[in-house]
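Trainee: I'm new to this structure and would love a guided look at it. Could we go through it together, one question at a time?

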Amino acid sequence: MGSTAGRRKHTANRSGVLSSGTESLHGQGGRGCLLILDGRALGRECLASALADHELGMEIAAMGSIDEWRVKKGSAPPLAAILFNLGGRKVTDHGIADEIRHISSEFKSVPVVILADTEDLAHILTALECGARGYIPTSVEIDVCVEAINLAAAGGIFVPASSVLCMRHLIGSGSRDTQPLTGMFTLRQAEVAQALRRGKANKIIAYELNLRESTVKVHIRNIMKKLKATNRTEVAYKVNDLFAEGTLAEAYPSNETASIG
(Lines give C-alpha, C1' and ligand atoms only; values in the text may rest on other atoms or scores of the structure.)
Protein backbone atom coordinates (compact mmCIF):
# COMPACT_ATOMS: atom_id res chain seq x y z
CA MET A 1 0.00 0.00 0.00
CA GLY A 2 1.44 3.40 -0.94
CA SER A 3 2.33 5.95 1.73
CA THR A 4 0.48 9.28 2.00
CA ALA A 5 2.17 12.60 2.86
CA GLY A 6 1.44 13.68 6.45
CA ARG A 7 0.26 10.22 7.54
CA ARG A 8 1.79 9.24 10.88
CA LYS A 9 3.99 6.15 10.75
CA HIS A 10 5.24 4.30 13.82
CA THR A 11 8.04 1.80 13.60
CA ALA A 12 9.72 -0.30 16.23
CA ASN A 13 13.45 -0.76 15.90
CA ARG A 14 15.43 -3.57 17.48
CA SER A 15 16.12 -1.54 20.61
CA GLY A 16 12.41 -1.47 21.37
CA VAL A 17 12.13 2.28 20.81
CA LEU A 18 9.00 3.29 18.96
CA SER A 19 9.55 6.39 16.83
CA SER A 20 7.19 8.51 14.79
CA GLY A 21 7.76 9.89 11.34
CA THR A 22 10.04 12.93 11.10
CA GLU A 23 7.17 15.38 10.68
CA SER A 24 5.43 14.15 13.85
CA LEU A 25 8.63 14.22 15.88
CA HIS A 26 9.12 17.88 15.13
CA GLY A 27 5.65 18.59 16.50
CA GLN A 28 6.33 16.83 19.81
CA GLY A 29 8.61 19.53 21.09
CA GLY A 30 11.27 17.17 22.47
CA ARG A 31 9.24 16.08 25.50
CA GLY A 32 11.39 13.03 26.04
CA CYS A 33 10.60 9.35 26.15
CA LEU A 34 8.10 7.11 27.93
CA LEU A 35 9.62 3.81 29.07
CA ILE A 36 7.12 0.95 29.18
CA LEU A 37 8.24 -1.93 31.39
CA ASP A 38 6.43 -5.18 30.72
CA GLY A 39 7.89 -8.67 30.60
CA ARG A 40 5.29 -9.74 28.02
CA ALA A 41 6.49 -8.81 24.53
CA LEU A 42 3.07 -8.76 22.87
CA GLY A 43 1.51 -6.79 25.72
CA ARG A 44 4.12 -4.04 25.72
CA GLU A 45 4.19 -3.73 21.94
CA CYS A 46 0.39 -3.42 21.73
CA LEU A 47 0.35 -0.87 24.55
CA ALA A 48 3.14 1.15 22.93
CA SER A 49 1.32 1.24 19.60
CA ALA A 50 -1.96 2.25 21.22
CA LEU A 51 -0.33 5.11 23.15
CA ALA A 52 1.49 6.33 20.05
CA ASP A 53 -1.76 6.29 18.05
CA HIS A 54 -3.49 8.41 20.70
CA GLU A 55 -1.12 11.37 20.58
CA LEU A 56 0.93 10.70 23.71
CA GLY A 57 3.31 13.44 22.64
CA MET A 58 6.59 11.66 23.38
CA GLU A 59 8.62 8.80 21.99
CA ILE A 60 8.03 5.38 23.49
CA ALA A 61 10.53 2.70 24.52
CA ALA A 62 8.98 -0.70 25.23
CA MET A 63 11.31 -2.93 27.24
CA GLY A 64 11.03 -6.17 29.17
CA SER A 65 13.11 -4.94 32.10
CA ILE A 66 15.20 -2.11 33.50
CA ASP A 67 18.33 -4.09 32.64
CA GLU A 68 17.28 -4.12 28.98
CA TRP A 69 16.75 -0.36 29.12
CA ARG A 70 20.23 0.22 30.53
CA VAL A 71 21.74 -1.63 27.59
CA LYS A 72 19.69 0.00 24.85
CA LYS A 73 18.85 3.47 26.21
CA GLY A 74 21.43 5.15 23.98
CA SER A 75 18.98 5.16 21.07
CA ALA A 76 16.23 6.99 22.99
CA PRO A 77 15.84 10.57 24.28
CA PRO A 78 15.90 11.27 28.05
CA LEU A 79 13.09 9.65 30.03
CA ALA A 80 10.01 11.73 30.81
CA ALA A 81 8.09 8.94 32.62
CA ILE A 82 8.12 5.20 33.31
CA LEU A 83 4.98 3.09 32.90
CA PHE A 84 5.36 -0.17 34.84
CA ASN A 85 2.70 -2.60 33.60
CA LEU A 86 1.90 -5.21 36.24
CA GLY A 87 -0.96 -6.75 34.29
CA GLY A 88 -2.67 -9.29 36.52
CA ARG A 89 0.01 -9.09 39.19
CA LYS A 90 -0.54 -7.09 42.36
CA VAL A 91 1.65 -4.60 44.17
CA THR A 92 1.44 -6.88 47.21
CA ASP A 93 2.83 -9.88 45.29
CA HIS A 94 6.30 -11.02 46.30
CA GLY A 95 9.02 -8.68 45.07
CA ILE A 96 6.75 -6.18 43.27
CA ALA A 97 6.82 -3.48 45.96
CA ASP A 98 10.61 -3.77 46.21
CA GLU A 99 10.91 -3.43 42.44
CA ILE A 100 8.79 -0.25 42.47
CA ARG A 101 10.96 1.16 45.25
CA HIS A 102 14.12 0.28 43.37
CA ILE A 103 12.97 1.88 40.11
CA SER A 104 11.67 4.98 41.89
CA SER A 105 14.94 5.31 43.78
CA GLU A 106 17.16 4.81 40.73
CA PHE A 107 15.17 7.21 38.53
CA LYS A 108 14.49 9.85 41.17
CA SER A 109 13.64 12.64 38.72
CA VAL A 110 11.47 10.41 36.52
CA PRO A 111 7.87 9.70 37.65
CA VAL A 112 6.95 6.02 37.84
CA VAL A 113 3.33 5.17 37.00
CA ILE A 114 1.80 1.77 37.72
CA LEU A 115 -0.61 0.11 35.28
CA ALA A 116 -2.48 -2.87 36.75
CA ASP A 117 -5.71 -4.82 36.54
CA THR A 118 -6.74 -4.35 40.17
CA GLU A 119 -8.38 -1.18 41.52
CA ASP A 120 -8.08 -2.23 45.16
CA LEU A 121 -7.44 0.85 47.31
CA ALA A 122 -4.87 -0.91 49.50
CA HIS A 123 -2.76 -1.81 46.45
CA ILE A 124 -2.95 1.75 45.12
CA LEU A 125 -1.82 3.21 48.46
CA THR A 126 1.01 0.69 48.68
CA ALA A 127 2.22 1.65 45.20
CA LEU A 128 2.22 5.34 46.12
CA GLU A 129 4.04 4.65 49.37
CA CYS A 130 6.69 2.76 47.37
CA GLY A 131 7.38 5.87 45.32
CA ALA A 132 4.98 5.59 42.38
CA ARG A 133 3.59 8.89 41.10
CA GLY A 134 0.43 7.43 39.68
CA TYR A 135 -1.73 4.32 39.43
CA ILE A 136 -3.77 3.50 36.32
CA PRO A 137 -6.25 0.60 36.37
CA THR A 138 -6.60 -1.24 33.07
CA SER A 139 -10.35 -0.61 33.23
CA VAL A 140 -9.85 2.98 32.00
CA GLU A 141 -9.91 4.00 28.34
CA ILE A 142 -6.69 4.64 26.45
CA ASP A 143 -7.34 8.40 26.39
CA VAL A 144 -7.44 8.44 30.19
CA CYS A 145 -4.19 6.48 30.26
CA VAL A 146 -2.57 9.09 28.01
CA GLU A 147 -3.78 11.94 30.24
CA ALA A 148 -2.55 10.14 33.36
CA ILE A 149 0.94 9.64 31.91
CA ASN A 150 1.14 13.27 30.82
CA LEU A 151 -0.04 14.40 34.26
CA ALA A 152 2.71 12.40 35.95
CA ALA A 153 5.30 13.72 33.50
CA ALA A 154 4.17 17.26 34.39
CA GLY A 155 4.63 16.61 38.12
CA GLY A 156 1.12 15.55 39.14
CA ILE A 157 -0.22 12.36 40.66
CA PHE A 158 -2.98 10.27 39.07
CA VAL A 159 -5.21 7.84 40.94
CA PRO A 160 -8.63 6.52 39.85
CA ALA A 161 -11.55 8.74 40.85
CA SER A 162 -13.33 5.73 42.33
CA SER A 163 -10.41 5.16 44.71
CA VAL A 164 -10.40 8.81 45.82
CA LEU A 165 -14.11 8.58 46.61
CA CYS A 166 -13.52 5.35 48.50
CA MET A 167 -10.73 7.00 50.50
CA ARG A 168 -12.93 9.96 51.39
CA HIS A 169 -15.68 7.61 52.48
CA LEU A 170 -13.34 5.67 54.74
CA ILE A 171 -11.95 8.84 56.23
CA GLY A 172 -15.38 10.38 56.66
CA SER A 173 -16.75 7.28 58.37
CA GLY A 174 -13.94 7.29 60.93
CA SER A 175 -14.33 9.16 64.19
CA ARG A 176 -12.68 12.57 64.34
CA ASP A 177 -10.86 13.96 67.32
CA THR A 178 -13.29 16.05 69.34
CA GLN A 179 -10.67 18.42 70.72
CA PRO A 180 -10.41 21.86 69.09
CA LEU A 181 -8.48 21.58 65.81
CA THR A 182 -6.24 24.48 66.75
CA GLY A 183 -5.02 22.41 69.70
CA MET A 184 -4.56 19.18 67.76
CA PHE A 185 -0.91 19.68 66.80
CA THR A 186 2.13 21.33 68.26
CA LEU A 187 3.72 23.91 65.99
CA ARG A 188 6.43 21.44 64.92
CA GLN A 189 3.87 18.68 64.30
CA ALA A 190 1.86 21.11 62.18
CA GLU A 191 4.95 21.85 60.08
CA VAL A 192 5.56 18.13 59.56
CA ALA A 193 1.86 17.55 58.78
CA GLN A 194 1.95 20.28 56.13
CA ALA A 195 5.04 18.67 54.58
CA LEU A 196 3.28 15.28 54.50
CA ARG A 197 0.29 16.98 52.89
CA ARG A 198 2.59 18.14 50.11
CA GLY A 199 4.00 14.62 49.61
CA LYS A 200 7.51 15.30 50.86
CA ALA A 201 9.82 12.46 51.91
CA ASN A 202 11.19 12.18 55.44
CA LYS A 203 14.71 13.20 54.38
CA ILE A 204 13.40 16.36 52.72
CA ILE A 205 11.25 17.22 55.74
CA ALA A 206 14.23 16.74 58.06
CA TYR A 207 16.42 18.96 55.88
CA GLU A 208 13.87 21.76 55.53
CA LEU A 209 12.93 21.81 59.22
CA ASN A 210 16.51 21.27 60.44
CA LEU A 211 15.57 18.06 62.23
CA ARG A 212 16.99 14.57 62.45
CA GLU A 213 15.18 12.06 60.27
CA SER A 214 14.50 9.96 63.38
CA THR A 215 12.79 12.98 64.97
CA VAL A 216 10.63 13.43 61.89
CA LYS A 217 9.54 9.79 62.18
CA VAL A 218 8.54 10.36 65.81
CA HIS A 219 6.47 13.39 64.81
CA ILE A 220 4.79 11.39 62.04
CA ARG A 221 3.89 8.59 64.46
CA ASN A 222 2.35 11.11 66.85
CA ILE A 223 0.44 12.80 64.02
CA MET A 224 -0.88 9.41 62.86
CA LYS A 225 -2.10 8.64 66.39
CA LYS A 226 -3.89 11.97 66.68
CA LEU A 227 -5.57 11.57 63.30
CA LYS A 228 -6.22 7.84 63.80
CA ALA A 229 -4.46 7.24 60.47
CA THR A 230 -2.79 4.00 59.47
CA ASN A 231 -0.28 5.36 56.93
CA ARG A 232 1.22 8.62 55.70
CA THR A 233 -1.04 8.72 52.65
CA GLU A 234 -4.10 8.72 54.89
CA VAL A 235 -2.46 11.45 56.98
CA ALA A 236 -2.09 13.59 53.86
CA TYR A 237 -5.76 13.16 52.99
CA LYS A 238 -6.97 13.89 56.50
CA VAL A 239 -4.77 16.95 56.91
CA ASN A 240 -5.90 18.15 53.48
CA ASP A 241 -9.52 17.85 54.62
CA LEU A 242 -8.76 19.79 57.80
CA PHE A 243 -7.16 22.59 55.79
CA ALA A 244 -10.10 22.58 53.40
CA GLU A 245 -12.40 23.22 56.38
CA GLY A 246 -10.40 26.35 57.11
CA THR A 247 -9.63 25.80 60.79
CA LEU A 248 -6.11 24.49 60.38
CA ALA A 249 -5.42 26.93 57.58
CA GLU A 250 -6.12 29.78 59.99
CA ALA A 251 -4.13 28.21 62.80
CA TYR A 252 -1.14 27.17 60.68
CA PRO A 253 -1.10 29.28 57.48
CA SER A 254 0.72 27.91 54.45
CA ASN A 255 1.34 29.40 51.03
CA GLU A 256 1.37 26.00 49.34
CA THR A 257 -1.58 23.88 48.34
CA ALA A 258 -1.54 20.19 47.49
CA SER A 259 -3.32 18.72 44.51
CA ILE A 260 -3.90 15.24 43.20
CA GLY A 261 -4.84 14.35 39.64
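Trainee: How far does the backbone oxygen of Lys 228 lie from a polar atom of the side chain of Lys 238?

Mentor: Happy to start there, and keep in mind that this is a predicted model. Lys 228 sits in the loop between α10 (213-227) and α11, whereas Lys 238 belongs to helix α11 (residues 232-245) itself. The contact joins the backbone oxygen of Lys 228 to a polar side-chain atom of Lys 238, and the distance is 3.3 Å.

Trainee: Is Lys 238 buried or exposed?

Mentor: A residue counts as buried under 20% relative accessible area. Lys 238 has a value of 9%, so the word for Lys 238 is buried.

Trainee: And what about Lys 228: which exposure class does it fall into?

Mentor: The cut-offs are under 20% for buried and over 50% for exposed, with partly exposed in between. Lys 228 has a relative accessible area of 46%, so its class is partly exposed.

Trainee: What is the phi of Lys 228?

Mentor: Lys 228 is a residue other than glycine, and its phi is positive. The value is near 55 degrees.

Trainee: Let's move to α2. How far apart are the end C-alpha atoms of this helix?

Mentor: Helix α2 covers residues 41-53, which makes 13 residues. At 1.5 Å a residue they should span 18 Å. The model agrees with that, because the end C-alpha atoms are apart by 18 Å.

Trainee: What arc do the buried residues of α2 cover around the axis?

Mentor: The buried residues in α2 are Arg 44, Leu 47, Ala 48, Leu 51 and Ala 52. They lie on the same side of α2, because the arc they cover around the axis is only 130 degrees.

Trainee: Which exposed residues does the face of α2 turned away from its buried side carry?

Mentor: For this one, look across the helix from the buried side. The exposed residues carried by that face are Leu 42 and Asp 53.

Trainee: Which residue takes a positive phi just after α2?

Mentor: Go on into the loop between α2 and β4 (59-63). A residue there is exposed, at 53% relative accessibility. With a positive phi of about 55 degrees, that residue is Glu 55.

Trainee: Leu 56 is in that loop too. How far is its C-alpha atom from that of Asp 143?

Mentor: Leu 56 counts as buried, at 2% relative accessibility. Asp 143 is 87 residues apart from Leu 56 along the chain. Their C-alpha atoms are separated by 9.0 Å.

Trainee: Which residue caps the N-terminal end of α5?

Mentor: Helix α5 spans residues 121-129, and its buried residues include Leu 121, His 123 and Ile 124. At the N-terminal end, a side-chain oxygen of the capping residue lies 2.9 Å from the backbone nitrogen of Ala 122. The cap is Asp 120.

Trainee: Which residue takes a positive phi just after α5?

Mentor: The phi there is about 115 degrees. The residue that takes this value is Gly 131.

Trainee: How many of the 11 residues of α8 are buried?

Mentor: Among the buried residues in α8 are Gln 189, Ala 190, Val 192 and Arg 197. The helix is largely enclosed by the rest of the structure, because the number of buried residues among its 11 is eight.

Trainee: How far is the C-alpha atom of Leu 196 from that of Val 235?

Mentor: Leu 196 lies in helix α8 (residues 187-197) and is buried, with a relative accessible area of 4%. Along the chain, Leu 196 and Val 235 are 39 residues apart. Their C-alpha atoms are separated by 7.3 Å.

Trainee: Last topic: what is the volume of the second largest pocket, and which elements give two or more residues to its lining?

Mentor: The volume is about 200 Å³. Of the 14 residues that line this pocket, the closest to its centre are Gly 64, Ser 65, Ile 66, Glu 99 and Ile 103. The elements that give two or more residues to the lining are α3 (66-72), β5 (79-87) and α4 (96-106).

Methods: Residues numbered from 1 in each chain as written. Predicted model: local features only at pLDDT ≥ 70, side-chain atom pairs only at ≥ 80, totals over all residues. Heavy atoms only, no water. 1 Å grid on protein atoms, 1.4 Å probe; cavity = no way out; pocket = protein on both sides within 12 Å on 5 of 7 lines; lining within 4 Å. Points joined across faces, edges and corners; volume = space filled by probe spheres on them. Helix = DSSP H or I, 4+ residues; strand = E, 2+ residues; numbered from the N terminus. Expected span 1.5 Å × (residues − 1). Buried < 20%, exposed > 50% of the residue type's maximum accessible area, 1.4 Å probe, protein only. Arc of directions from axis to C-beta. Polar contact = N/O pair within 3.5 Å; in protein donor to acceptor, adjacent residues only side chain to side chain.
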